[in-house]
Every structure is written in C-alpha cells, then in structure tokens.
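Q: I have a model open and would like to learn how to read its features one by one. Could you walk me through it?
A: Gladly; let's look at it together.

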Amino acid sequence: MFANLTAQPADKILALVAAFRADPRETKVDLGVGVYKDASGNTPVMRAVKEAERRIHADQTTKAYTGLAGDPAFADAMIDLVLGDTIARDKIAAVATPGGTGAIRQGLELIKLAAPDATIWLSAPTWPNHPSIVKYLGMNMAEYRYFDSATRGVDFDGMLADLARVPAGDVVLLHGCCHNPTGANLTAAQLEKVIALIKSQGAVPFIDIAYQGFGDGLTEDAQATRTVAQSFDNVLIAASCSKNFGVYRERTGILMGVCKTADETALAQQNMAFLNRQNYSFPPDHGARVVTTILTDPALRADWEAELEEVRRGMLDLRQMLADELRRLTNSDRFDFLADHRGMFSRLGTTPDLVEKLRADHGIYMVSDSRMNIAGLNKTSVPILAKAIVDAGI
Ligand code: LMR
C-alpha cells in the first residue's frame, strides 16, 4: 500500500529548520520559522506560563476528558482577549483546537459543511499553509493582490480591485494583524473600505489572528478583528496562542464563529464540536489550561502582558536598528519600510537567488520569498544581516 504513495511537497518554512541545524557555521543566523528568540538565541518559557504550569501541576486532580469543544473557560477567556466585549457571548460559537493551524483547518472544514462550493480568497502572498490546507481539502481557492513589491507596503488599489470580483457567499481570509509573510498591514481607514466592499459583495470574512500583541499592542492588534466581527452577521476567527504565550509545541488555539442569532450559534457550536470529534476527538488541554490560568488571574495576567510588551518593544527596536544600519550603509532610505512593518515578519523584497546567496555566503537563513523573522534577530546579528544584504547587492 505505502508503495503507492507519492512524495508530498516540502513545507518551505519547515525545510529551513533542518537546513539551519545542519549548517556548522558559528555565525549563522536563523530568520526562518516564526519563533521568538531572546538576545541569547533562546526561545524562553514565559514567566507567567511557568507559574501557571506550576499551579496546574500542584492543583490538577484529574486528566479525564474535558468536552469536545475544550474547557468552556478557555473559550470565555480567549473570546474576551480577542473580541473584548464587542460581541454578545451568545452570538459566538467556539471550540479549542490544536494551535492556530488546527483552527484554520477546522474553520475551513466548517465552511465546507456550510457552503461546499465557496471559494476561499487568500492574500497574495499569504502564509504558505493557507493555500496548502485549502488545496488539501479540495476547496476552491482564489487570490487577491496584497503586497506592493516596489513600496513593500500594501497594494491597496490592487486589493480593492480584486476584492470587487468576489461573488456573494465566498470567503475572504484576512490577517487580523502582523501580516505573514510581508509585515505590511492595512490602516484603520483602509480596513473600513475593505469591510464595506466585502460586505457589499456579500462575502464572509475569515480572520487568522496569530500574532496578537506582537504589533502595536494587545488591544490595538485585536482592533481589526473586533471591527470586522461587529460589521458582519457571520465571521470566522482562528486565533493562535503559540506566539503571544510562547506555547508553540503545546498546540493551543481556538476557532470562533460570530453568528447572527442564538439558534445559529447553537448549530455552529454543534457542528464545530462534531468536527473536533471527527478529527481528533478532544482538543489538547494543557496549553489551553495554562492560557486560561493566566488570563483569569489578574497578577499572572499583568506579568504576562508585561513580558509580552517587552518582547514587542524588543522587536520594534530591532526593526529600527536594522533600518538605521541599512540607511547608514546604503546612504538611502530604501529599507525604511523595515521600521514601518509590524509583527514578526518583514518581506525584504528580493529574489530567491539572492536569498540563496545570503545563505551560501553568509549563513543567513530566510524563506525563499525573502520573508525574515525579525524576532530571530538580536543586537549582534543585526549588523551582520545589514552588511550581508548590502554585500549581496540587494
Ligand atoms: C511561521 O509562519 O513561520 C509560523 O507560523 C510557524 C509555522 O507553522 O509555519
């Protein structure tokens, strides 16, 4: 049987992890997979996470199953974190999922049950796992323009022109904040225009929010999601805790569905629980319990917010440092966009050949589309990267 298998395409982000590990050069710099690293290159367990784990270890009396939707307290805490009090709780269906990817997958499967012919519109470019999962599920897919490779900002005219072609009932996937892979984001005024357009087309938004707290702040980064949630009868939201709680391997995420009526909420909730049952029965609990413990304890929450804010400010400093260094070396402002971008990533905007040259000549690893993980930099590697970019003739 297995001899009939054909090789699957390698994930270009994950392939970099192995290539980086195998590189013996001491000066190598990993700007590949989206994982935060501190000044010494470690991905630390956050203080509040350690403390929450300690409490769970001490107090937990059972490992019996939770529910198919996960612990309701996790859903309540995450709905509060992402949506605040913008939507009444009885208008939101929600299930815990294995990470943000799990939420994307379950959201797409829910769309498949509700509207099997709907096309999923993705930004060009987007996180490679989006098209990969849509394709794997056999769903229809289309792209809308998003990135202007000349300015390294949003191609807003192109985006509007493409979204104007979206038929009623299709789904538009939007990044809630910190666009992956470009780092270029809509302004609030642009978002209003996108909302009005999608609404007039009769399309349904699906928001992927994986970096809340990494851009302009916890509340600021949730604003676009909240505005969209308030503007439509139905919205899907996939939220990840991997990055902002640093619980990557615990696979902690949530799928939310904003519904029009309480009856619709019950139906969506029942379908989401059914999908969890079909795919893995119960979602993982440990990371969700850690997150719930932090979000519901004022002191732990304050400590988590403080540490997250340090991480966010650290990334902004690295962005500014890199932009300044490139300004100094090139005597031009053409890399200033790096300081304007937000979140973990920036797309440098160069060719796969030059990305390969950076790897071969300087041991600098970034995704072939020239996406750099800014959170993988530190004060030592910034000047090395800047010099390599200039040496490579980018
Ligand atoms: C990334 O884009 O690097 C992260 O979201 C990690 C992943 O799973 O690809």
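Q: Is Q212 buried or exposed?
A: A residue counts as buried when its relative accessible area is under 20%. In this predicted model, Q212 has a relative accessible area of 4%, so Q212 is buried. You will find Q212 in the loop between β8 (204-209) and α8 (218-231).

Q: What does the side chain of Q212 pair with?
A: For a polar contact, look for N or O atoms within 3.5 Å. Here a polar atom of the Q212 side chain lies 3.0 Å from the backbone oxygen of L81. Leaving aside neighbours within four places in sequence, Q212 is also in contact with a set of residues that includes V82, C177, D221, N244 and L308.

Q: N244 is in that set. Where is N244 found, and is N244 buried or exposed?
A: N244 is found in the loop between β9 (235-240) and β10 (253-258). Its relative accessibility is 1%, and therefore N244 counts as buried. A polar atom of the N244 side chain lies 3.0 Å from the backbone oxygen of Q212. Not counting residues up to four places away in sequence, N244 touches M46, Q212, F214, W304 and L308.

Q: How is the protein chain divided into domains?
A: Start with the bounds, then look at the contact between the parts. The protein chain is divided into domain 1, which covers 10-45 + 301-391, and domain 2, which covers 65-296. Taken over C-alpha atoms, the centres of domain 1 and domain 2 are separated by 26 Å. Domain 1 gives 27 residues to the contact, and domain 2 gives 30 residues.

Q: Why does the largest pocket lie between the domains?
A: The way to tell is to ask which domains supply the lining. Both domain 1 and domain 2 give residues to the lining of the largest pocket, so the pocket lies between them. The space in this pocket is about 650 Å³.

Q: Which residues and elements line the largest pocket?
A: There are 22 lining residues, and P128, N129, P131, S132 and I133 are those that lie nearest the centre of the pocket. Two or more residues each come from α4 (99-114), β3 (119-124), α5 (129-136) and β4 (140-145). The largest share of the lining is that of α5, with 6 residues. By class, the lining of the largest pocket divides into 9 nonpolar, 6 polar and 7 charged residues.

Q: How many cavities of 30 Å³ or more are there?
A: The thing to check is whether a probe that fits inside can get out; in a cavity it cannot. The count here is 1 cavity of 30 Å³ or more, and about 30 Å³ of space lies in the largest cavity. Among the residues that line this cavity are I13, W127, P128, D369 and R371. The lining of the cavity has 5 nonpolar, 2 polar and 2 charged residues. At least three of the lining residues come from each of domain 1 and domain 2.

Q: Which peptide bonds are cis?
A: Most peptide bonds are trans, and most residues other than glycine have a negative phi. Against that background, look at the bond that joins A124 and P125: this peptide bond is cis, with omega about 0 degrees. P125 has its place in the loop between β3 and α5. The peptide bond from N180 to P181 is cis too, with omega near 20 degrees. P181 lies in the loop between β7 (171-175) and α7 (188-201). Both N180 and P181 are also part of the lining of the largest cavity.

Q: Phi came up as well. What is the phi of R251, and what is the phi of N331?
A: For R251, which is not a glycine, phi is positive, near 55 degrees. R251 is found in the loop between β9 and β10. With a relative accessibility of 30%, R251 counts as partly exposed. N331 is not a glycine either, and N331 has a positive phi of about 55 degrees. The place of N331 is in the loop between α11 (298-330) and α12 (337-340).

Q: Is N331 buried or exposed?
A: The cut-off for exposed is a relative accessible area over 50%. N331 has a relative accessible area of 73%, so N331 is exposed.

Key: Residues are numbered from 1 along each chain as its sequence is written. This is a predicted model: local features need pLDDT of at least 70, side-chain atom pairs count only at pLDDT 80 or more; totals for chains, interfaces and linings use all residues. Side-chain values use heavy atoms; hydrogens and water are left out. On a 1 Å grid over the protein atoms alone, a cavity is a set of points where a 1.4 Å probe fits but cannot get out, and a pocket is an open set with protein on both sides within 12 Å along at least five of seven lines; lining residues have an atom within 4 Å of a point. Grid points are joined across faces, edges and corners, and a volume is the space filled by probe spheres set on the points. Helices (H or I, at least four residues) and strands (E, at least two) are DSSP runs, numbered from the N terminus. Ala, Val, Leu, Ile, Met, Phe, Trp, Tyr, Cys and Pro count as nonpolar, Asp, Glu, Lys and Arg as charged, and the others, Gly among them, as polar. Domain bounds come from an automatic or database domain assignment. Buried means under 20% relative accessible area, exposed over 50%, partly exposed in between (1.4 Å probe, protein chains only). A polar contact is a pair of N or O atoms within 3.5 Å; within protein, one must be able to donate a hydrogen and the other to accept it, and residues adjacent in sequence count only if both atoms are side-chain atoms. Contact means heavy atoms within 4.5 Å.
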